[in-house]
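Colleague: I would like to go through this model and hear the reason behind each label. Please set the value against the cut-off every time.

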Amino acid sequence: MTDASFILATLGVLLGATGTYLLLPHRRGEAKARTLYILGGTFAALGLLGFLLLLTPPALSPLADLIAGSFFYLFAAGALGCGVMTVTSRNPVYSALWFAGVVISTAGLFLLIDAQFLAAGTIIVYAGAIIVTFLFVIMLAQMEGKAVYDRAARSPGRAVFTCFLLLWSLAYSLAALPGSHRPKEIVAGEDRLHRGRELGADFFPQSPGAVPRVVLGKALRPTSSLFVDGDPSKPKPNVAGLGESLYADHLLTVELAGSILFAALIAAVLIANPRPIGGAGKAA
Amino acid sequence: MTIWVLIGILIKILIVVGVTQGTVAYLILVERKIAAYAQDRIGPNRCGREVGVPFALLQPLADGAKMLLKEDVVPKYVTKPLYILAPWIAIATAMVGFAVVPFGPVGPNELINFQIAPNVDIGILYVMAVGSLAVYGVILAGWASNNKYAFIGGLRSSAQLISYEIPLGLSILGMVMIAGSLDLNRIIAWQDAHGWGIFYQPLAFVLFFTSAFAETNRLPFDLPESEQELVGGFHTEYSAMKFGMFFLGEYLHIITACFVTVALFFGGWDMPGLNVEQTGILWSLLKVGVFAAKVGLAILFIMWIRWTLPRFRYDQLMDLAWKSMIPLALINLVATAGVVQLVRTYWS
């Protein structure tokens, strides 16, 4: 890490911390002066700019790289900006909406590194279901007027200090890495398939070298035959690759998570049932 | 090289946006005519007669001009930023879904790929993700209007959309498993080789199409805007073009839903006599025509249903989703998975 980038990172983090502290709601939920908000917004924007300058600027020459780079900066700045707005909004409805912005920007970043399934899954699960449920609750809870505890920040100074210390150490350690790591250059290891097969062999021991003809082996076959246009040299489609990894590498984890979710589902049905269990007929 | 790809994509986007908006304008005319016939009326038949245009074909222009020229009332008591944002969300989420919808044949040997973003591996999942964002437009419109009727409409709608997304997602998985891909082009190609999806997944088709009705807020599932109880539901406070944008978004959703239905269950561009190997530009145009005709029939069916069935009661609507459609979709999913595994193990 060069001295210039070290100073830039520190300056960016300091500016961002000051700006965020000024933007955060008052400790007792009172309204702040407009000049404080303007000052805080300027500081936070300058800090964000300094932080973005730390990253490698997008290459200008092939147009595709320029577009991808610009989108990266758009989504990265969008995620950070929306994140700041999430914690600084005084109205919880706006906070939830800015959080949706964070989720969508993050999904855009996932798309840029070709993690399409993760992007779609993030949007469906978080933006499409969880945040909508939040909104639901917030809107129904606010029918009686605005509560003080919704508009006040709990110990804003300590929160800002801790978060930006973490951010600074993250920026420091990332910038200290030699060279730039691009996800493109990380070759997907073929060994994860072998590990999955070995796992199968542990449960169903066979003669060494033979492809295990167990359920696992059969489950692997259709996904691994899904090459693009039947050409094995091209990379596997996203979802097939992910499915293969899930059911070969992480088979036990997936099964365990499935069992836990199933138990949670049964529990949810029991909780939702208004009648007391066992005492059928009695009023609750 | 890249710049030409970029320009090509931009041209495709412009064509898709223009064609779909124009289609929406005429769909509204078709809807009015079907409503009129269902109620034993004549319906719009005058507009354009003076300049020699028959069948009221200028009616959509008049409707559009009316939307644009009416006074845009923004009540004083609304939460203004969200009130203005909501119709934009409604229309944007409806438009973005078209990025992965194939309008015709797509493949490496084709001269023109009739799809804005080909090679999107997750295809149908992207449509689901974007569709799940549509609920924001409705819930924000309801809340920002600061009006009881609008708020109740928004709450009903978000509950309905979230509930019906589950059977919608579960019912497509059967076809995805059979065809072995989430990409709509591959699903169409599979149906071209083996026969239409509706013959393999009839139950999934019924569940999917019913959920699509609910997702697009169409009768008999238009509880969010039921006039007798809620004035206009979530768009009670909206007027002029802001109301028009909700309307446009709803019709765009119908078009997307019909494209996905046809691609999943009716073979897309597939007809007896057409197959993947025919690549020339004439074959492509013929396939686009077949696809568009099928989608048109599906849209007509949706409009026909609207004027045939009465509206559900709200608790019936929720019972239908949670107590019958989700269990049926799960049974269908498990049965399909079992059969697919058996077939792959013993017949291939």
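Colleague: In which helix of chain B does B:Ala240 lie?

Modeller: This is a predicted model, so what follows is computed from it. B:Ala240 lies in helix H10 of chain B, which covers residues 240-265.

Colleague: Why does B:Ala240 count as buried?

Modeller: Its relative accessibility is 10%. Buried means under 20%, so B:Ala240 counts as buried.

Colleague: What is notable about phi of B:Ala240?

Modeller: Phi of B:Ala240 is near 50 degrees, a positive value in a residue other than glycine. Most residues other than glycine have a negative phi. B:Asp40 also is not a glycine and has a positive phi, of about 60 degrees. B:Asp40 lies in the loop between H1 and H2 of chain B.

Colleague: Is B:Asp40 buried or exposed, and how do you know?

Modeller: The relative accessible area of B:Asp40 is 74%. Exposed means over 50%, so B:Asp40 is exposed.

Colleague: What makes B:Glu31 and B:Arg306 a salt bridge?

Modeller: Their side chains meet at 3.5 Å, N to O. The rule asks for a side-chain nitrogen of Lys or Arg within 4 Å of a carboxyl oxygen of Asp or Glu, so the pair counts as a salt bridge. B:Glu31 lies in helix H1 and B:Arg306 in helix H11 (residues 281-306) of chain B, so the pair ties together parts that are 275 residues apart in sequence.

Colleague: Why do the two partners, B:Glu31 and B:Arg306, get their accessibility labels?

Modeller: B:Glu31 has a relative accessible area of 5%, and with the limit for buried at under 20%, B:Glu31 is buried. B:Arg306 has 23%. That value falls between the 20% and 50% cut-offs, so B:Arg306 is partly exposed.

Colleague: How do you know that B:Asp72 and B:Lys242 form a salt bridge?

Modeller: The closest N and O atoms of B:Asp72 and B:Lys242 are 2.8 Å apart, and the cut-off is within 4 Å. B:Asp72 lies in the loop between H2 and H3 of chain B and B:Lys242 in helix H10, so this pair ties together parts that are 170 residues apart in sequence. B:Asp72, at 38% relative accessibility, counts as partly exposed, whereas B:Lys242, at 12%, is buried. Another salt bridge joins B:Asp315 and B:Arg313, with the closest N and O atoms 2.9 Å apart. Over all chains the structure holds five salt bridges.

Colleague: Where is the boundary between the domains of chain B, and what meets across it?

Modeller: Chain B is divided into domain 1 (1-69) and domain 2 (74-346). Their C-alpha centres lie 21 Å apart. In the contact, 19 residues of domain 1 face 21 residues of domain 2. The area buried between these domains is about 1800 Å², of which carbon and sulfur atoms give 79%. The rule finds one salt bridge across the interface of domain 1 and domain 2, and B:Arg306 and B:Glu31 meet in a salt bridge. The elements that give two or more residues to the domain 1 side are H1 (2-38) and H2 (59-69) of chain B. H1(B) gives the largest share, 16 residues. By class, that side has 13 nonpolar, four polar and two charged residues.

Colleague: How many salt bridges does the rule find between chain A and chain B, and what else describes that interface?

Modeller: The rule finds zero salt bridges across the interface of chain A and chain B. Two residue pairs are in polar contact there, both residues at pLDDT 80 or more. The contact takes 34 residues from chain A and 32 residues from chain B, and the buried area is about 2800 Å², with 75% from carbon and sulfur atoms. On the chain A side, H5(A) supplies the largest share, 13 residues. That side has 26 nonpolar, five polar and three charged residues.

Colleague: What makes the contacts of the B:Thr93 side chain with B:Ile89 and B:Ala90 polar contacts?

Modeller: The side chain of B:Thr93 reaches the backbone oxygen of B:Ile89 at 2.8 Å and that of B:Ala90 at 3.2 Å. The limit is within 3.5 Å. B:Thr93 is found in helix H3 (residues 80-96) of chain B, and at 10% relative accessible area B:Thr93 is buried.

Technical notes. Residues are numbered from 1 along each chain as its sequence is written. Chains are lettered from A and ligands numbered from 1 in the order in which they are written. This is a predicted model: local features need pLDDT of at least 70, side-chain atom pairs count only at pLDDT 80 or more; totals for chains, interfaces and linings use all residues. Side-chain values use heavy atoms; hydrogens and water are left out. Domain bounds come from an automatic or database domain assignment. Contact means heavy atoms within 4.5 Å. Buried area is the accessible area (1.4 Å probe) that two parts lose on being put together, summed over both. Helices (H or I, at least four residues) and strands (E, at least two) are DSSP runs, numbered from the N terminus. Ala, Val, Leu, Ile, Met, Phe, Trp, Tyr, Cys and Pro count as nonpolar, Asp, Glu, Lys and Arg as charged, and the others, Gly among them, as polar. Buried means under 20% relative accessible area, exposed over 50%, partly exposed in between (1.4 Å probe, protein chains only). A polar contact is a pair of N or O atoms within 3.5 Å; within protein, one must be able to donate a hydrogen and the other to accept it, and residues adjacent in sequence count only if both atoms are side-chain atoms.
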